[in-house]
Amino acid sequence: MARFGPVAGPDAVWRGRAEARQLELTKPAGALGRLEALGNWVAACQGVCPPRQFERARVVVFAGDHGVARHGVSAYPSEVTAQMVANFLAGGAAVNVLARLADASVRVVDIAVDGDTDPSVSTHKVRRSSGRIDREDALTETEVHAALAAGKAIADEEIDGGADLLIAGDMGIGNTTPATVLIATLTDTEPVLAVGRGTGVDDAGWMRKAAAVRDAMWRARPHRHDPVSLLRVAGGADLAAAAGFLAQAAARRTPVILDGVVITAAALLADMLAFGAKAWWVAGHRSTEPAHTQALTRLGLDPLVDLDMRLGEGSGALTALPILRAAVATLADMSTFADAGVSTADETSSATAESTS
């Protein structure tokens with residue numbers, strides 16, 4: 001059984017040293033806006049100032065199918081999940097393209113794909129497809145613990161392998177439905193205010209999805225204070241694995257860029273499993289799914305970009321990764337006033353006062 005406990009946040013002493021260094025760089029104080037706060041956060045996560053540029057940013061895509069997809073809540077059939085896993089392995093998906101651009105690498109793991117996948121990605125497979133959550137539990141008690149343990153093990157594998165920044169991605173037809181159920185249940189939001197279009201369903205599909213979310217929420221509400229039970233009843237193996245991954249990354253003091261609605265739903269549960277974990281995350285983007293904004297608000301995270309993206313896979317987080325790299329580079333590589341021989345505002349004011357005295 002995967003066990004998590006409260007997580008201490010990034011080092012406040014090193015954050016303070018980064019804030020002090022920002023004042024020494026050749027720019028007006030605060031002139032780089034959020035880049036400065038992001039750079040300070042990375043320094044606090046790494047426990048060093050100036051911070052190190054990320055050398056092994058790693059995306060892990062959690063793949064899994066959901067029984068509720070057979071209810072017509074997606075514009076695509078469930079068979080697409082296994083096909084996309086093969087596409088990831090071939091390097092042809094959006095996540096692969098964006099990862100190459102952002103100097104990151106991609107790993108896909110089959111947690112609950114309803115079909116056979118390459119043995120190289122199915123080591124941690126829990127089951128074929130999670131249950132239809134509007135009518136039955138997503139997982140058994142044994143399976144939810146296996147999925148959490150898989151996510152924890154995957155985080156350990158990546159960090160032990162040298163990853164210094166992690167991104168969790170998702171792939172699964174119908175997975176925005178359980179994600180919406182989890183978020184709406186935890187934020188006490190009415191289904192019609194939380195349900196989005198997912199892969200682009202029409203009005204009839206949206207109504208089927210809203211009904212499925214409503215029925216699943218009715219089943220989920222008694223479990224809203226127990227993250228493991230909530231994942232068992234209304235989540236899925238892929239969501240549970242992602243939650244375990246995010247919780248363990250925080251426990252291992254490794255920063256994470258969150259992606260869209262599915263991964264942020266898992267993050268809500270991860271912060272319940274390992275209280276304080278959210279201090280180790282930044283939100284990469286804001287998706288078009290209404291539930292995503294509700295989850296970000298609950299976590300107190302402000303996304304780095306807002307480009308109307310809704311793909312998943314880690315694509316929004318990867319789009320934001322160059323911004324985080326820019327925050328590290330400016331804090332680490334800019335000259336200080338002293339190094340560059342540039343006068344500070346205080347020095348200029350002092351010289352002006354002396355000349356007029």
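Where is S129 found in this structure? I looked it up first: S129 is found in the loop between β2 (104-112) and α5. I noted for myself that I am working with a predicted model.

**Entry: S129 and R253, two unusual backbones**

I checked the backbone of S129, and its phi is near 60 degrees, a positive value in a residue other than glycine. Then I asked myself whether S129 is buried or exposed. S129 has 10% relative accessibility, so I wrote it down as buried.

R253 also went on my page, since R253 is not a glycine and yet has a positive phi of about 60 degrees. I found R253 in the loop between α10 and β4 (256-258). Its relative accessibility is 38%, and because buried means under 20% and exposed over 50%, R253 counts as partly exposed.

**Entry: a cis bond**

Next I followed the loop between α2 (34-46) and β1 (57-64), where P50 lies. The peptide bond that joins C49 and P50 is cis, and I noted an omega of about 0 degrees.

**Entry: the core**

Which residues have the most contacts inside the largest nonpolar core? I listed F62, L231, F245, L246, L258, W281 and L318, in a core of 108 residues. Helix α10 (residues 237-251) gives the most to this core, with eleven residues. A reminder from my reading: in soluble globular proteins, nonpolar side chains tend to be buried together.

I picked W281 for a closer look. Leaving aside neighbours within four places in sequence, W281 is in contact with W41, L246, V256, L258, A267, A270, D271, L299 and L301.

I stayed with helix α10 a little longer, as Q248 lies there. Q248 is buried, with a relative accessible area of 9%. Not counting residues up to four places away in sequence, Q248 touches F4, K152, A155 and D156. I also looked up Q248 and I154: they are 94 residues apart along the chain, and their C-alpha atoms are separated by 9.1 Å.

**Entry: helix α5**

I moved on to E143, which lies in helix α5 (residues 141-160). I marked E143 as buried because its relative accessibility is 18%. Apart from neighbours within four places in sequence, E143 is in contact with V126 and R127.

**Entry: helix α9 and its partner**

V228 has its place in helix α9, and V228 is buried, with a relative accessible area of 17%. Not counting residues up to four places away in sequence, V228 touches V144, H145, L148 and L273. For V228 and A210, I noted 18 residues in sequence and 24 Å in space, C-alpha to C-alpha.

How do α6 and α9 lie to each other? Helix α6 (residues 176-187) and helix α9 (residues 227-234) pack at an angle of about 140 degrees, with axes 10 Å apart. The two helices are therefore oblique to each other, and their crossing is right-handed. From α6, the contact is made by P178, V181, L182, T185 and L186, and from α9 by L230, L231 and A234. I sorted the contact by class: seven nonpolar, one polar and no charged residues.

**Entry: helices α4 and α13**

My last pair was helix α4 (residues 94-102) and helix α13 (residues 315-333), whose axes come within 9 Å and cross at roughly 5 degrees. That makes α4 roughly parallel to α13. On the α4 side I found V95, L98, A99 and A102, which meet S315, L318, T319, L321, P322 and R325 in α13. By class, this contact has seven nonpolar, two polar and one charged residues.

Key: Residues are numbered from 1 along each chain as its sequence is written. This is a predicted model: local features need pLDDT of at least 70, side-chain atom pairs count only at pLDDT 80 or more; totals for chains, interfaces and linings use all residues. Side-chain values use heavy atoms; hydrogens and water are left out. Helices (H or I, at least four residues) and strands (E, at least two) are DSSP runs, numbered from the N terminus. Buried means under 20% relative accessible area, exposed over 50%, partly exposed in between (1.4 Å probe, protein chains only). Contact means heavy atoms within 4.5 Å. A nonpolar core is a set of buried Ala, Val, Leu, Ile, Met, Phe, Trp, Tyr and Cys residues joined through side-chain atoms within 4.5 Å. Axes are lines fitted to C-alpha atoms, for helices over the stretch in contact, and angles run from 0 to 180 degrees between N-to-C directions. Angles under 35 degrees count as roughly parallel, over 145 as roughly antiparallel, 65 to 115 as roughly perpendicular and the rest as oblique. A crossing is left-handed if the near helix is turned anticlockwise from the far one by less than a right angle, and right-handed if clockwise. Ala, Val, Leu, Ile, Met, Phe, Trp, Tyr, Cys and Pro count as nonpolar, Asp, Glu, Lys and Arg as charged, and the others, Gly among them, as polar.
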